[in-house]
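Work through the exercises below with the sequence and the 3D structure open beside you. Try each task on your own before you read its solution.

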Amino acid sequence: MTQAHTEKATLLEHTGALAEAYSANDPQAVASMFAENAVFEDSDGRSHVGRDSILSATREIMSMGKLGFAAKDAVVEEAVGKVVTHWQLTISGPAGPVASLEGVDVLHWADGLLVYKSTFLKTDEPKQISA
């Protein structure tokens, strides 16, 4: 196995751990994956700079309900530590799934931490799930 292949696997492992932290609805775990001076640009175009701001934004996201991320695809650019991941998000309430979103994250990793994350959605509104 080449060093580059190992790096790709590591980047995908970090990306999977991030999705797991979101799906566990653990804002502290999510924020801990970001560097102190990281930037998170959310799907509304707002920039959150620094771990404390990212923690606050993550809590806001998680207030929508129980999050469940499923990876659909990922592209890795090993030379710069970049992962572009395509995902499906299901938001659940007490009675089960209530909404579904599809989107893409652009992630820049350095030394095992996120230094930049930008989120894009395919739609302006979540697709409501009928009971």
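**Exercise 1.** In this predicted model, decide whether D111 is buried, partly exposed or exposed, and describe its place and its backbone.

*Solution.* Begin with the accessibility: the relative accessible area of D111 is 84%, and the cut-off for calling a residue exposed is over 50%, so D111 counts as exposed. Next, find the residue along the chain, where D111 belongs to the loop between β5 and β6, the latter covering 113–121. Finally, look at the backbone angle: phi of D111 is near 55°, which is a positive value in a residue other than glycine.

**Exercise 2.** Carry out the steps of Exercise 1 for N25, and state which accessibility class N25 falls into.

*Solution.* The relative accessible area of N25 is 24%, and since buried means under 20% and exposed means over 50%, N25 is partly exposed. As to its location, N25 sits in the loop that joins α1 to α2, with α2 spanning 27–32. The phi angle of N25 is also near 55°, again a positive value in a residue other than glycine.

**Exercise 3.** How many helices and strands does the chain have, and in what pattern do they follow one another along the sequence?

*Solution.* Counting the elements gives 3 helices and 7 strands. Reading along the sequence, you should arrive at the pattern α-α-β-β-α-β-β-β-β-β. To complete the overview, note that 35% of the 131 residues count as buried, and that the accessible surface of the chain comes to about 7400 Å², with 54% of it belonging to carbon and sulfur atoms.

**Exercise 4.** What separates the C-alpha atoms of A79 and E7, and what separates those of V98 and K66?

*Solution.* Take A79 first, a residue in the loop between β3 and β4, which counts as exposed at 78% relative accessibility. Although A79 and E7 are 72 residues apart along the chain, their C-alpha atoms are separated by 9.0 Å. Then turn to V98 in strand β5, which is partly exposed with a relative accessibility of 37%. V98 and K66 are 32 residues apart along the chain, and the separation of their C-alpha atoms is 9.8 Å. For the chain as a whole, consider the contacts between residues at least 6 apart in sequence: 48% of them join residues at least 24 apart.

**Exercise 5.** Describe the second largest pocket, and say which element gives the most to its lining.

*Solution.* Start with the volume, which is about 190 Å³ for the second largest pocket. Its lining is made by 15 residues, and those nearest its centre are T15, A19, A71, T85 and W87. Sorted by kind, the lining residues divide into 10 nonpolar, 3 polar and 2 charged. At least two lining residues come from each of α1 (3–23), β3 (66–77), β4 (82–93) and β5 (96–110), and the most are given by α1, with 6 residues.

**Exercise 6.** Where does T15 lie, and which residues does it touch, leaving aside those up to four places away in sequence?

*Solution.* T15 lies in helix α1, and its relative accessible area of 10% is under the 20% cut-off, so T15 is buried. Beyond its sequence neighbours up to four places away, T15 touches V83, T85, L107 and W109. As a last step, look at the polar side-chain atom of T15 that lies 2.9 Å from the backbone oxygen of L11.

Technical notes:
Residues numbered from 1 in each chain as written. Predicted model: local features only at pLDDT ≥ 70, side-chain atom pairs only at ≥ 80, totals over all residues. Heavy atoms only, no water. Helix = DSSP H or I, 4+ residues; strand = E, 2+ residues; numbered from the N terminus. Buried < 20%, exposed > 50% of the residue type's maximum accessible area, 1.4 Å probe, protein only. Contact = heavy atoms within 4.5 Å. Areas by Shrake-Rupley, 256 points an atom, 1.4 Å probe, with all protein chains shown as cover. 1 Å grid on protein atoms, 1.4 Å probe; cavity = no way out; pocket = protein on both sides within 12 Å on 5 of 7 lines; lining within 4 Å. Points joined across faces, edges and corners; volume = space filled by probe spheres on them. Nonpolar A, V, L, I, M, F, W, Y, C, P; charged D, E, K, R; others polar. Polar contact = N/O pair within 3.5 Å; in protein donor to acceptor, adjacent residues only side chain to side chain.
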